[in-house]
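Reader: Please take me on a close tour of the charged side chains in this model. I would like to know where they gather, how they pair, and what surrounds them.

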Amino acid sequence: MRVSATAKYLRGSTRKTRLVTQAIKGKRVEDATAILRFMPQKAAGEVARVLKSATANAENNHNLSAEDLFIADAIADEGPTIKRGRARAQGRWFAIHKPMTHITIVVADQEA
């Protein structure tokens with residue numbers, strides 16, 4: 001059985017978050033949690049939070065054991081971009097883009 005959890009509108013680059021999600025894809029939940037704990041990226045904490053939520057969804061809603069779960073899919077999609085600006089020299093305007101990310105993690109048991 002496949003169970004998912006999603007976190008939307010997280011501040012941070014999608015490209016940087018994808019590096020973290022690709023590192024844990026296909027691994028067991030326990031191993032992925034250990035990997036995320038020692039990653040220096042800011043996105044690792046956010047991905048770990050979504051992974052914990054997906055694991056809790058599987059345990060509480062579908063009566064699956066956490067030891068049998070692995071990460072079937074980990075996706076970082078692009079969200080909306082906040083557009084701001086800053087005044088620069090000679091009356092010019094410098095665009096500042098603040099990206100957002102949607103993280104989805106799907107866990108499945110070994111039988112699936």
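Author: **Charges, pairs and their surroundings**

Let's start with the positive side: Arg11, Lys42, Arg84 and Lys98 come together on the surface as a patch of positive charge. Before going further, please keep in mind that this is a predicted model, in which local features need pLDDT of at least 70, side-chain atom pairs count only at pLDDT 80 or more, and totals for chains, interfaces and linings use all residues. Residues are numbered from 1 along each chain as its sequence is written, and side-chain values use heavy atoms, with hydrogens and water left out.

A patch here is built from residues with over 30% relative accessible area and no salt bridge, joining like charges within 9 Å and nonpolar side chains (Val, Leu, Ile, Met, Phe, Trp, Tyr) within 5 Å. Lys and Arg count as positive and Asp and Glu as negative, while His and the chain ends are not counted. Each charge is placed at NZ of Lys, CZ of Arg, CG of Asp or CD of Glu. Accessible areas come from the Shrake-Rupley method with a 1.4 Å probe, and for residues only the protein chains shown count as cover.

One member of the positive patch, Lys42, sits in helix α3. Helices (H or I, at least four residues) and strands (E, at least two) are DSSP runs, numbered from the N terminus. Lys42 is exposed, with a relative accessible area of 60%; the scale calls a residue buried under 20%, exposed over 50% and partly exposed in between (1.4 Å probe, protein chains only).

Helix α3 also takes part in the negative patch, where Glu59, Glu67, Asp68 and Glu111 gather on the surface. Glu59 belongs to α3, which spans residues 42–62, and Glu59 is partly exposed at 34% relative accessible area.

Another charged residue of α3 is Glu46, and this one deserves a closer look. Glu46 is buried yet has no salt bridge, and the nearest side chain of opposite charge is Lys42, 4.2 Å away. For reference, a salt bridge means a side-chain nitrogen of Lys or Arg within 4 Å of a carboxyl oxygen of Asp or Glu. Setting aside residues up to four places away in sequence, Glu46 touches Leu10, Arg11 and Ile103, where contact means heavy atoms within 4.5 Å. Arg11 is thus a contact of Glu46 as well as a member of the positive patch.

Now for the charges that do pair. Side chains of opposite charge can pair when their charged atoms come close. The structure holds three salt bridges. One of them joins the side chains of Lys25 and Asp73, at 3.8 Å from N to O. Lys25 lies in the loop between α1 (14–24) and α2 (29–37) and Asp73 in strand β2 (residues 69–78), so this pair ties together parts that are 48 residues apart in sequence. Lys25 is partly exposed at 39% relative accessibility, and Asp73 is partly exposed too, at 23%.

Next comes a network of salt bridges that links Arg28, Glu30 and Asp31. Arg28 pairs with Glu30, with the closest N and O atoms 2.7 Å apart. Arg28 also pairs with Asp31, and there the closest N and O atoms are 3.8 Å apart. Arg28 counts as partly exposed at 34% relative accessibility, as do Glu30 at 39% and Asp31 at 36%.

To set these charges in context, return to α3, which also holds Leu51. Leu51 is buried, with a relative accessible area of 2%. Leaving aside neighbours within four places in sequence, Leu51 contacts Val29, Ala32, Thr33, Leu36, Ile71, Ile105 and Val107. Leu51 and Arg86 are 35 residues apart in sequence and 37 Å apart in space, C-alpha to C-alpha.

Two loop residues are worth a glance as well. Asn63, in the loop between α3 and β2, has a positive phi of about 55 degrees although it is not a glycine. Asn63 is exposed at 68% relative accessibility. Gln90 lies in the loop between β3 and β4 (93–98), and its phi, near 60 degrees, is likewise positive in a residue other than glycine. Gln90 counts as exposed, at 70% relative accessibility. Ala87 is in strand β3 (residues 82–87); Ala87 is exposed at 55% and contacts Arg92 and Trp93, leaving aside neighbours within four places in sequence.
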